[in-house]
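Welcome! Take a moment to turn the structure around on your screen, then read on with it beside you.

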Amino acid sequence: MENVLKKYEAVQMGVCYYPEHWDEALWEKDAAKMAETGVKVVRVGEFAWSRMEPTDGVFEFDWLDRAIDLFGRYGLDVVIGTPTHTPPRWLTTKHPDILPVMANGDLYQPGVRGHRCFNSRSLRSYGERLIDRLAQRYSRHPAVIGWQIDNEYGMLDSRGEQAAADFRDWLYRKYGTLERLNREWGTVVWSGEYSEWSEIVPPPASHRNENPSFLLDFARFQWDSVAQFQAWQIAAIRRHCPEHFITHNFHSYPQRLNMTEVGRGLDVAAFDYYPNTSPDKVTTGPYSGALSLDLTRGIKRRNFWIMEQLSGSPGSWFPMWRMPQPGYIRAFAWQAIARGADTVVHFRWRSANIGAEQFWHGLIDHSNVPGRRLKEFADLSAEVNRLAPKLAGTRPLVRAAILHSYEQLEALRIQAQAPGMDYYENIKAYHRALTKLGIGCDVIDAESADGLEAYDLVVAPHLYVLHEETAERLSRYAASGGTLLLTSRTGVKNSENVCVMTPLPGLLTECAGVTVREYDPLGEDVARLDTEEGGQFACSQWADILEPDDRAEVIARYGSEFFAGEAAVTRYPFGQGETYYLGTHPEESYLRQLFTQIAEAKNIPYFPELPMGVQVSLRGGGASGEPAYLFVLNLSREDKEVKLDLRADGRLRHLDGLNSLLGGGRTDRRLKLRPYGVEVLEYRPD
Ligand code: GLA
């Protein structure tokens with residue numbers, strides 16, 4: 001076990017490989033080249049059901065044995081994907097209930113992938129039979145270290161008969177009686193009361209304006225369905241492979257899936273990271289990427305894997321994006337490691353010559369002639385392998401957290417609050433403002449994350465559906481000395497997605513020290529926000545007109561509209577801590593100013609002068625006196641000069657003379673980074 005654990009926590013590089021796509025004569029050359037390139041891990045198998053079980057009950061694993069043996073001979077570890085993402089045609093023909101019924105009523109046909117209904121019983125029985133055999137066969141194979149369950153769950157909103165029956169069961173377990181369900185959901189509106197359980201059917205796509213309590217419960221039911229679909233697969237693997245780790249590759253955020261809930265069954269979370277190479281995304285992409293990485297780390301609140309990482313120009317699903325320019329592959333792999341990825345697996349070893357994804361490029365082109373990208377990847381692997389012993393066991397060191405919530409994501413999708421007001425985009429805005437100041441943060445689940453006392457600052461945007469337990473946890477955090485930042489649209493709904501009959505922010509009113517007297521959904525209209533020091537900023541989306549408690553300090557007021565002069569942002573001393581309330585969505589420069597003030601007041605170290613596109617993160621063991629590693633990444637197309645000035649404890653510290661682990665030598669106070677340049681500096685925080 002220790003051995004396997006070590007491998008799963010090791011900082012290393014991997015690749016995705018599909019032996020079933022290539023002539024077997026190529027395999028050995030590929031394995032040899034992988035080893036020579038510094039690769040340590042290979043992921044295989046996640047779509048290969050039709051080769052593992054070509055017809056009902058006939059299993060063929062010899063080909064997979066040969067591939068895995070070969071990787072083992074070249075010193076490569078293997079992660080096997082369970083192939084439930086792509087049930088074979090013979091199976092879907094025999095059991096059409098495997099195919100998901102989509103929101104528009106269509107049956108999602110085989111041919112692309114992901115044609116599997118999470119609630120299908122046939123998929124479960126055939127899937128368990130196959131996975132049981134797979135797990136048994138490879139439980140003792142020395143090269144196999146872990147498993148990936150399925151592939152990129154995503155939500156197809158399956159609404160087939162089985163899903164409908166499971167939904168009714170789920171509701172029955174939650175509410176017990178129809179009377180209670182009718183009451184909690186408020187179905188009296190529009191004569192929507194149910195008198196038989198059978199009247200409850202999944203919502204069709206055209207019913208966007210259905211009862212929001214019903215819609216939110218349907219989403220929660222779907223999250224549970226995915227978690228259960230995963231649970232039977234995990235059980236089948238654990239029966240035979242108690243020493244292997246189990247993961248899943250999440251993708252494309254925001255994902256309509258409760259990743260925290262799904263992540264509970266996993267040992268380690270993984271993410272598929274394709275930083276967008278399009279010119280219109282080069283500035284914003286690295287910041288949303290940073291959020292995706294932090295969010296993935298938040299799933300298990302520990303380091304994670306990248307199971308697919310950009311290796312070439314993506315295409316096939318759309319006209320191709322730009323080819324990653326020199327340094328891009330390296331820089332974004334380092335960004336992932338800087339934010340807590342341990343193993344980074346690149347997708348894919350070689351571009352496919354067959355099938356639908358021929359233009360989603362791998363490290364090697366169709367010609368099989370090793371080129372620039374493979375060379376860059378090999379150099380990167382050499383660097384990673386060199387630094388791995390130092391980075392092993394380290395994790396991002398942060399003092400702030402953003403609370404992210406699947407409940408809010410879904411509830412605010414069901415009932416959009418104002419034009420241009422988007423939950424995930426706003427999470428991005430807070431995260432980006434912190435990232436631009438070099439303030440590392442965890443992004444963790446609002447509804448379940450405990451241990452908040454570890455953070456000096458907790459940013460909790462839009463807790464619109466507010467559970468009592470969440471409100472209590474946050475109040476306790478502030479009362480015991482934390483700095484809590486709340487925003488508009490907090491405490492609006494109870495757990496059943498029903499508006500509360502109390503002034504907002506509802507259950508957090510006492511902790512916030514303000515009430516919302518009136519609100520104006522500004523949408524895309526821009527209002528003015530005036531700080532008490534005379535600064536003027538733009539704000540939009542929403543305006544809460546605040547009624548501050550006597551002890552609350554007003555730190556910004558509206559400067560325009562009929563509510564000019566009214567309180568917009570407040571700070572309230574609460575217990576031993578404090579609560580900020582932002583009644584509007586300010587432009588980024590205001591957030592920057594506010595976070596700077598908070599960082600100063602709470603002694604949170606930050607970099608006042610990071611240039612646009614440059615990100616820093618700190619990874620270490622956390623013990624004082626131990627070295628930590630400061631990653632400085634130029635994720636832009638321009639040369640950047642970075643002043644390594646860190647503000648902490650009220651003074652400016654110049655981080656010069658640090659030992660550079662990539663470039664060699666010692667750094668100057670002004671670090672020059674080429675486009676997509678990376679530095680890893682040894683640093684002793686004190
Ligand atoms: C996802 C899948 C891969 C591949 C890539 C590229 O990340 O998991 O199998 O299809 O997308 O499209």
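This report walks through the barrel, the ligand site, the sheets and a few unusual backbone spots. Keep in mind that you are looking at a predicted model.

**The barrel**

Let's begin with a little background: strands of a sheet pair through backbone hydrogen bonds, either parallel or antiparallel. Here, eight strands close into a barrel, and their pairing is parallel. If you want to trace the barrel, follow the order S1-S2-S3-S4-S5-S6-S7-S8. From one strand to the next, the twist averages 30°.

You can look at one pair in detail. Strand S4 covers residues 144-148 and strand S5 covers residues 245-251, and three bridges join the two in the parallel sense. Try finding glutamine 148: its bridge partner in S5 is threonine 247.

The loops that follow these strands are worth a look too. Histidine 21 sits in the loop between strand S1 (12-16) and helix H2 (24-37). Is histidine 21 buried or partly exposed? Its relative accessibility is 28%, so histidine 21 counts as partly exposed. Although histidine 21 and asparagine 353 are 332 residues apart in sequence, their C-alpha atoms are 8.5 Å apart in space.

**The ligand site**

Which residues are around the ligand? They are Phe47, Arg113, Asn151, Glu152, Asp272, Tyr274, Glu308, Trp317, Phe347, Glu357 and Trp360. Sorted by class, this shell has five nonpolar, one polar and five charged residues.

Three side chains have polar atoms that can be paired with oxygen atoms of the ligand, as the table shows.

| Residue | Distance from a polar side-chain atom to a ligand oxygen |
|---|---|
| Arginine 113 | 3.0 Å |
| Asparagine 151 | 2.9 Å |
| Glutamate 308 | 2.4 Å |

How much of the ligand does the protein bury? Taken alone, the ligand exposes 300 Å², and the protein buries 96% of that.

**A glutamate in a helix**

Now move to helix H13, which spans residues 372-391 and holds glutamate 376. Glutamate 376 counts as buried because its relative accessibility is 11%, and buried means under 20%. Where does its side chain reach? The side chain of glutamate 376 comes to 2.9 Å from the backbone nitrogen of arginine 330.

**Sheets with antiparallel pairing**

Besides the barrel, you can find an open sheet of five strands, in the order S9-S20-S21-S27-S25, with antiparallel pairing. Its edge strands are strand S9 (395-396) and strand S25 (659-660), and each of these pairs on one side only. S9 runs antiparallel to strand S20 (residues 614-620), and two bridges join them. In this pairing, proline 396 stands opposite arginine 619 in S20.

Another antiparallel pair is made by S22 and strand S26 (residues 670-673), which share four bridges. Valine 642 has leucine 671 in S26 as its bridge partner.

Strand S22 also shows a pattern that you may meet in your textbook. In a regular strand the side chains alternate between the two faces of the sheet. Along S22 (residues 640-643), Lys640 and Val642 point to one face and are buried. Glu641 and Lys643 point to the other face and are not buried.

**Unusual backbone spots**

Last, zoom in on the backbone. Most residues other than glycine have a negative phi, and most peptide bonds are trans. This model holds some exceptions, described below.

Two of them are cis peptide bonds. The bond from tyrosine 253 to proline 254 is cis, with omega near 0°. You will find proline 254 in the loop between S5 and helix H10 (259-263). The bond from leucine 504 to proline 505 is also cis, and its omega is near 10°. Proline 505 belongs to the loop between strand S13 (483-487) and helix H17 (509-512).

The others concern phi. Serine 316 is not a glycine, yet its phi is positive, at about 80°. This serine 316 lies in the loop between strand S7 (304-309) and helix H12 (328-338). With a relative accessibility of 32%, serine 316 counts as partly exposed. Asparagine 368 has a positive phi as well, near 65°. Look for asparagine 368 in the loop between strand S8 (341-346) and H13. At 31% relative accessibility, asparagine 368 counts as partly exposed.

Terms used. Residues numbered from 1 in each chain as written. Predicted model: local features only at pLDDT ≥ 70, side-chain atom pairs only at ≥ 80, totals over all residues. Heavy atoms only, no water. Near = heavy atom within 4 Å. Polar contact = N/O pair within 3.5 Å; in protein donor to acceptor, adjacent residues only side chain to side chain. Areas by Shrake-Rupley, 256 points an atom, 1.4 Å probe, with all protein chains shown as cover. Nonpolar A, V, L, I, M, F, W, Y, C, P; charged D, E, K, R; others polar. Buried < 20%, exposed > 50% of the residue type's maximum accessible area, 1.4 Å probe, protein only. Pairing = 2+ DSSP bridges. Axes fitted to C-alpha atoms, helices over the stretch in contact; angles between N-to-C directions.
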